[in-house]
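Visitor: I have a chain to look over before I head back to the bench. Could you walk me through it?

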Amino acid sequence: MTQVDSRQHRATSILSSQITATFTVGLVLLMLGIVALMSIAARNISDDIQRSLTVTAVISEDAAQTRASKIGTQLKTLPAVQSLRFVSADDVLQRWNSSGLTETLTDSINPFLPEWEITLNPGWSNADSVSRLCSTISGIDGIEEVTSLMDADSSLFASIHTARLIMIIVAAALLLISFVLIANTVRLSIHSRRFSINTMTLVGATPGYIRRPFILGAIGSGLIAALCAVIILAPALWYMFLQWPAMTSVISLTEAAIVLASLFVIGALICGIAAAISASRYLKSDYDSIVN
């Protein structure tokens with residue numbers, strides 16, 4: 001192989017390594033962006049649910065006529081209760097029919113019982129507090145059943161948490177791989193310029209001066225990777241906002257913009273730190289290790 005062919009081969013190898021490292025970092029940033037958006041959505045949904053969470057106390061058929069008001073008085077004394085709303089059996093039937101999810105029932109066939117809808121005070125909208133409250137209300141004479149959406153919400157959040165955890169593990173693995181690829185790319189680039197670097201060292205160039213172009217180049221690759229991730233995420237978010245306008249109450253435009261902007265910072269930091277560590281370790285090697 002001639003000297004020219006050898007240089008072309010090295011240049012091709014370095015370019016291939018840079019492309020691979022940039023692609024991997026872009027994939028990591030894409031997954032981090034998705035995880036961040038999922039976290040924001042889960043937090044906002046949780047906050048909305050906690051603000052609107054109600055506990056429903058269904059009054060037994062025997063106590064529906066005689067003890068409904070007394071039960072309400074007892075419920076008002078509980079520290080968790082912020083407000084109460086009495087819903088008659090006819091109101092429950094009407095709400096059932098207006099939902100449109102099932103067949104319509106007639107007034108002559110009303111299987112429902114009256115109930116008290118309880119709005120909770122701030123600080124009581126968590127699984128443990130709701131569980132204790134439901135147990136307390138169940139012990140009141142005349143209560144047929146106590147229900148809340150906390151169990152269903154807990155299952156939903158558990159599923160979201162599991163999905164986020166899996167994506168974080170995958171992103172962490174890809175992050176490690178991207179660090180190794182960036183470090184190897186920088187080492188390969190330094191090695192290809194080892195003679196010019198040695199000459200620069202002999203004329204008094206500092207390690208920081210030699211490291212700077214490699215770090216800046218890696219930061220540029222990180223910004224390109226972040227741009228690729230944003231190019232994928234931004235249209236997807238825009239499409240969701242157009243198709244489902246209610247999504248803006250789950251993830252605001254400001255929050256989405258912050259996440260997308262953060263990807264550029266994270267990409268630059270990942271690549272810059274990996275390049276700085278790799279270049280420093282390589283330049284600290286002895287002369288024979290660098291030149292040979």
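Here is a short tour of the fold, its cores, its strands and a few single residues.

Visitor: What is the pattern of helices and strands along the sequence?
Guide: Happy to start there, with the note that this is a predicted model. The chain has nine helices and four strands. Read along the sequence, they follow the pattern α-β-α-β-α-β-α-β-α-α-α-α-α.

Visitor: How much of the chain counts as buried?
Guide: Start from the outside: the chain exposes about 17000 Å², and carbon and sulfur atoms supply 63% of that area. A residue counts as buried when its relative accessible area is under 20%. Of the 292 residues, the share that counts as buried is 36%.

Visitor: Which elements give two or more residues to the largest nonpolar core?
Guide: As a rule, nonpolar side chains in soluble globular proteins tend to be buried together. Here the largest nonpolar core has 34 residues, and those with the most contacts inside it are Leu 29, Ile 182, Val 186, Ile 190 and Leu 263. The elements that give two or more residues to this core are helix 1 (3–52), helix 5 (150–192), helix 7 (207–243) and helix 8.

Visitor: How many residues does the second, separate core have?
Guide: This core includes Ala 57, Leu 75, Ala 80 and Ile 143. Ala 57 falls within strand 1, which spans residues 54–59, and Leu 75 falls within helix 2 (68–76). The size of the second core is 21 residues.

Visitor: Which residues does Val 186 touch, leaving out those up to four places away in sequence?
Guide: Val 186 is one of the residues with the most contacts inside the largest core. Leaving out residues up to four places away, its contacts are Phe 214, Ala 275, Ser 278 and Ala 279.

Visitor: Is Ala 225 buried or exposed?
Guide: Ala 225 lies in helix 7. Setting aside neighbours within four places in sequence, Ala 225 is in contact with Thr 22, Val 25, Gly 26 and Leu 29. Its C-alpha atom is 9.6 Å from that of Ile 19, although the two are 206 residues apart along the chain. With a relative accessible area of 0%, Ala 225 is buried.

Visitor: How far apart in space are Thr 24 and Ser 178, C-alpha to C-alpha?
Guide: Thr 24 is found in helix 1 and is buried, at 9% relative accessible area. Beyond residues up to four places away, Thr 24 touches Leu 174, Ile 177, Ser 178 and Leu 181. Thr 24 and Ser 178 are 154 residues apart in sequence, yet their C-alpha atoms are separated by 5.7 Å.

Visitor: Where do the bridges of strand 3 lead, and which residue is the bridge partner of Leu 84?
Guide: Strand 3 (residues 115–120) has five of its six residues buried. Five bridges join it to strand 1 in the antiparallel sense, and Val 58 has Glu 115 as its partner there. Strand 3 also pairs antiparallel with strand 2 (residues 81–87) over six bridges. In that pairing, the partner of Leu 84 is Ile 118.

Visitor: Which residues does Ser 60 touch, not counting those up to four places away in sequence?
Guide: Ser 60 sits in the loop between strand 1 and helix 2. At 12% relative accessibility, Ser 60 counts as buried. Its contacts beyond four places are Leu 113, Gly 142, Ile 143 and Glu 144.

Visitor: Which backbone nitrogen lies 3.1 Å from a polar atom of the side chain of Glu 255?
Guide: Glu 255 is found in helix 8 (residues 253–283). Because its relative accessible area is 18%, Glu 255 counts as buried. Leaving out residues up to four places away, Glu 255 touches Ile 40, Arg 43, Asn 44 and Val 250. The nitrogen at 3.1 Å belongs to Ser 252.

Visitor: How many disulfides does a search of the whole structure find?
Guide: A disulfide is a covalent bond between the sulfur atoms of two cysteines. Among the cysteines here, Cys 228 counts as partly exposed at 40% relative accessibility, whereas Cys 271 is buried at 2%. The number of disulfides found in the whole structure is zero.

Notes: Residues are numbered from 1 along each chain as its sequence is written. This is a predicted model: local features need pLDDT of at least 70, side-chain atom pairs count only at pLDDT 80 or more; totals for chains, interfaces and linings use all residues. Side-chain values use heavy atoms; hydrogens and water are left out. Buried means under 20% relative accessible area, exposed over 50%, partly exposed in between (1.4 Å probe, protein chains only). A polar contact is a pair of N or O atoms within 3.5 Å; within protein, one must be able to donate a hydrogen and the other to accept it, and residues adjacent in sequence count only if both atoms are side-chain atoms. Contact means heavy atoms within 4.5 Å. A nonpolar core is a set of buried Ala, Val, Leu, Ile, Met, Phe, Trp, Tyr and Cys residues joined through side-chain atoms within 4.5 Å. Two strands pair if DSSP finds at least two bridges between them. A disulfide is a pair of cysteine sulfur atoms within 2.5 Å. Accessible areas come from the Shrake-Rupley method with a 1.4 Å probe; for residues, only the protein chains shown count as cover.
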